[in-house]
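Student: I am new to this structure and would like a close look at one single part of it. Could you take me through that part slowly, with enough of its surroundings to place it?

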Amino acid sequence: MTTRIDPAQPADLSAMLALLTAAGLPTDGVAEHLPTMLVATDGRRVVGCVGLEIGGEAALLRSVAVDETERGTGLGGRLVRVALDLARRRAVTEVALLTTTADDYFPRFGFVPVNRDQVPTALQASAEFTGACPASARAFGRRWPDRLRARLATAADAADIAKIYNEGITDRIGTFETRLRSAADIEAWFADDRHPITLVERLADDGAQPLAFAATSLYRPRECYAGIADFSIYVARPERGHGHGRLALGELFDAARAAGFHKLVSRVFVENAASRSLCAALGFREVGIYEKHAPLDGRGRDAVIVERLL
């Protein structure tokens with residue numbers, strides 16, 4: 001059974017508290033910050049958790065716990081990475097944590113030791129800093145050089161989305177489409193308000209720079225498939241390879257769940273290694289290959305079918 005990581009729900013709280021207690025970690029503040037907590041489940045039960053306390057542009061990483069049956073599987077690392085993605089999507093530029101036992105673990109995620117007085121003031125007021133963690137706990141932090149945000153796109157973003165999409169069309173690696181799209185073409189996507197589109201942007205004092213988008217669309221018109229959506233993802237050409245697509249898809253997962261979808265599916269060119277790697281990292285499975293699925297520039301192209309349950 002594949003272990004999944006999803007936003008925590010109120011029904012998960014007791015299992016999370018039990019995991020934290022078994023790991024000797026503080027439980028103060030978990031219930032209050034449940035909207036930014038994540039759980040890992042194996043199809044039957046909660047087997048891991050992680051959380052964030054977000055204060056402005058800073059966040060406290062906390063409550064990283066894995067059931068003893070899942071230790072050594074890499075689940076803890078997956079939980080930390082998904083939590084850091086969530087922090088980035090929420091325009092956080094600095095993450096801190098306290099630990100008494102994992103000094104050698106968190107540096108692999110970019111954390112470095114810091115003095116407690118270097119931790120942002122908003123985080124020093126948290127339960128972990130004010131007593132839940134012992135005074136002997138050591139502080140670690142990591143910073144990102146820029147501030148990113150992931151959000152739902154609107155029709156006002158059509159021109160920016162069209163520009164990114166047209167780069168993907170021109171590159172001939174992400175879609176069978178060959179006709180470039182106008183802003184008006186993209187505006188039509190928003191007429192169907194059931195299918196969310198997400199946008200990742202870099203924030204600055206003089207405005208926001210669009211970096212990537214992810215979109216859902218109709219999978220099949222039959223009513224029995226109403227819970228399934230097709231998805232696509234495109235990253236601006238100069239911004240590829242920096243994780244922006246991962247953030248756009250992470251935001252799309254949450255938006256698609258909220259819209260009532262239980263599965264996302266797509267087709268990826270066999271030779272598109274970057275997209276296949278991203279999908280695998282985010283929990284998609286490759287179902288099979290459509291051989292010569294459609295023509296592109298006069299040649300039939302093979303496409304890998306990918307799916308992810310939400």
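Tutor: What follows looks at helix H1, after a few words on the chain that holds it. Please keep in mind that this is a predicted model. The secondary structure of the protein chain comprises eight helices and 14 strands, and its radius of gyration of 21 Å is close to the 19 Å that the globule rule gives for 310 residues, so the chain is as compact as a globular protein of that length. Of those 310 residues, 48% are buried, and among the contacts between residues at least 6 apart in sequence, 67% join residues at least 24 apart.

Turning to the helix itself, H1 covers residues 13–22, and its buried residues are Met16, Leu19 and Leu20. When one looks down the axis of H1, these buried residues fall within an arc of 95°, so they line one face of the helix. The general background is that an α-helix has 3.6 residues a turn, so residues three or four places apart point the same way. On the face of H1 turned away from the buried side one finds the exposed residues Ser14, Thr21 and Ala22.

As for what lies over the buried residues of H1, their cover includes strand S2 (37–41), strand S3 (46–55) and strand S4 (58–66). Finally, where the chain continues after H1, the helix is followed by Gly24, which has a positive phi, near 75°.

How values were computed: Residues numbered from 1 in each chain as written. Predicted model: local features only at pLDDT ≥ 70, side-chain atom pairs only at ≥ 80, totals over all residues. Heavy atoms only, no water. Helix = DSSP H or I, 4+ residues; strand = E, 2+ residues; numbered from the N terminus. Rg over C-alpha atoms; globule rule 2.2 N^0.38 Å. Buried < 20%, exposed > 50% of the residue type's maximum accessible area, 1.4 Å probe, protein only. Contact = heavy atoms within 4.5 Å. Arc of directions from axis to C-beta.
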